[in-house]
Amino acid sequence: MLPQWKAQFGCFDLVVRTDRQPRSIVMVHDIAIGGDDVIVMAGPCAVESERQLLETAEAVAAAGARILRGGAYKPRSSPYAFQGLGVAGLKLLRKASQATGLRIVTEVLSEAEVDLVAEYADLIQVGARSMENYTLLESLGKCRRPILLKRGMVATLEEFLRSAQVIARAGNPHVILCERGIRTFETATRNTLDISAVAVLKLVSHLPVIVDPSHAAGIPCLITPLARAAVAAGADGLLVEVHPAPEQALSDGDQALAIPEFRSMMDDLQPYLEIQRVRRRGPQLLALGAD
Ligand code: PEP
Ligand code: MN
């Protein structure tokens, strides 16, 4: 590790990678994050109805996603906006999981709901707005589910890794880091995807790193190019918002991919995913595959 990074990140001993340490694989049930395959997590921003969720779940599963996303508790910027279905949303996520075999990632907003969310989720999301909620992070340290920790929209990588360290130190080392775009002076996009964060985190931390191109871009036409860049930079997974009727979505409809757009994104990504698979498995398998 570069000396300046050692000085900056070295104190986060549970999440920083020493020179010979292997990378960590975080298991989401039977799915390895940080292994040979780039794992796609997809679904609506918010769970809205049984029909909306099941239609999306079936479509994303058929297109190759392994994990279904969907918020039951939504951290909205406006108090008048849809706040999520709560426990009814968690139950719909379970139903969609049973129908499709997809695993579930969903956000927890408060310490009071950690046990409830952990009952339904295979992977618990900490949103960008909660990245520095240390009471929440500490309670997730005691929880027996893996954690998807999103980078705060104005958080440095040092602050991001500090939050991961808080969860690990409280007893839960199963943390996946998620770059979701940061606030910059640019206004053409909702946030700026910090692609160098992926490369830096893969060098300084042993934790898996995934990218959410949806909240970074804020517009559907940028999601595929940003997803390609994320995979090429070494991301271990993607988190993408998909809705059967984006114009009717109760949250983040402006950035949701419609189902056919998601299928096109997956088709487009195939060669990039394949290159990563070969790089990760090593050249012997490339030779074997050539027979
Ligand atoms: C989300 O995933 O829908 C979400 C609210 O993301 P973020 O916390 O990155 O804004
Ligand atoms: Mn969203």
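Is His215 buried or exposed? In this predicted model, His215 is buried, because its relative accessible area is 8%, which falls under the 20% limit for that class. The same residue, His215, gives its NE2 atom to the manganese ion (ligand 2), and the points below set out that site, the barrel and the nonpolar cores.

**Metal site**
- The manganese ion (ligand 2) is coordinated at 2.0 to 2.4 Å by Cys45 through SG, His215 through NE2, Glu241 through OE and Asp252 through OD.
- Along the sequence, these donor residues follow the spacing C-x169-H-x25-E-x10-D.
- Distant parts of the chain are linked here, since His215 belongs to helix H8 (residues 213-217) whereas Asp252 lies in the loop between strand E10 (237-241) and helix H10 (259-281), 37 residues apart.

**Barrel**
- Eight strands form a closed barrel with parallel pairing, in the order E3-E4-E5-E6-E7-E8-E9-E10, and the twist from one strand to the next averages 25 degrees.
- Within this barrel, strand E8 (residues 175-179) pairs in the parallel sense with strand E9 (residues 209-211) over three bridges, and Glu179 stands opposite Val211 in E9.

**Nonpolar cores**
- The largest nonpolar core holds 76 residues, of which Leu68, Ile124, Leu149, Leu177, Leu238, Phe262 and Met265 touch the most other members, while helix H6 (residues 157-169) gives the most to this core, with seven residues.
- Leaving aside residues up to four places away in sequence, Ile124 touches a set of residues including Thr106, Val108, Leu140, Cys143, Arg145 and Leu148.
- Another core, of 14 residues, lies apart from the largest one and has Val26, Ile33, Val105 and Cys178 among them.

Notes:
Residues numbered from 1 in each chain as written. Chains lettered and ligands numbered in written order. Predicted model: local features only at pLDDT ≥ 70, side-chain atom pairs only at ≥ 80, totals over all residues. Heavy atoms only, no water. Pairing = 2+ DSSP bridges. Helix = DSSP H or I, 4+ residues; strand = E, 2+ residues; numbered from the N terminus. Axes fitted to C-alpha atoms, helices over the stretch in contact; angles between N-to-C directions. Donors = N, O, S within 2.8 Å, 3.2 Å for Na, K, Ca; no water. Buried < 20%, exposed > 50% of the residue type's maximum accessible area, 1.4 Å probe, protein only. Core = buried A, V, L, I, M, F, W, Y, C linked by side-chain atoms within 4.5 Å. Contact = heavy atoms within 4.5 Å.
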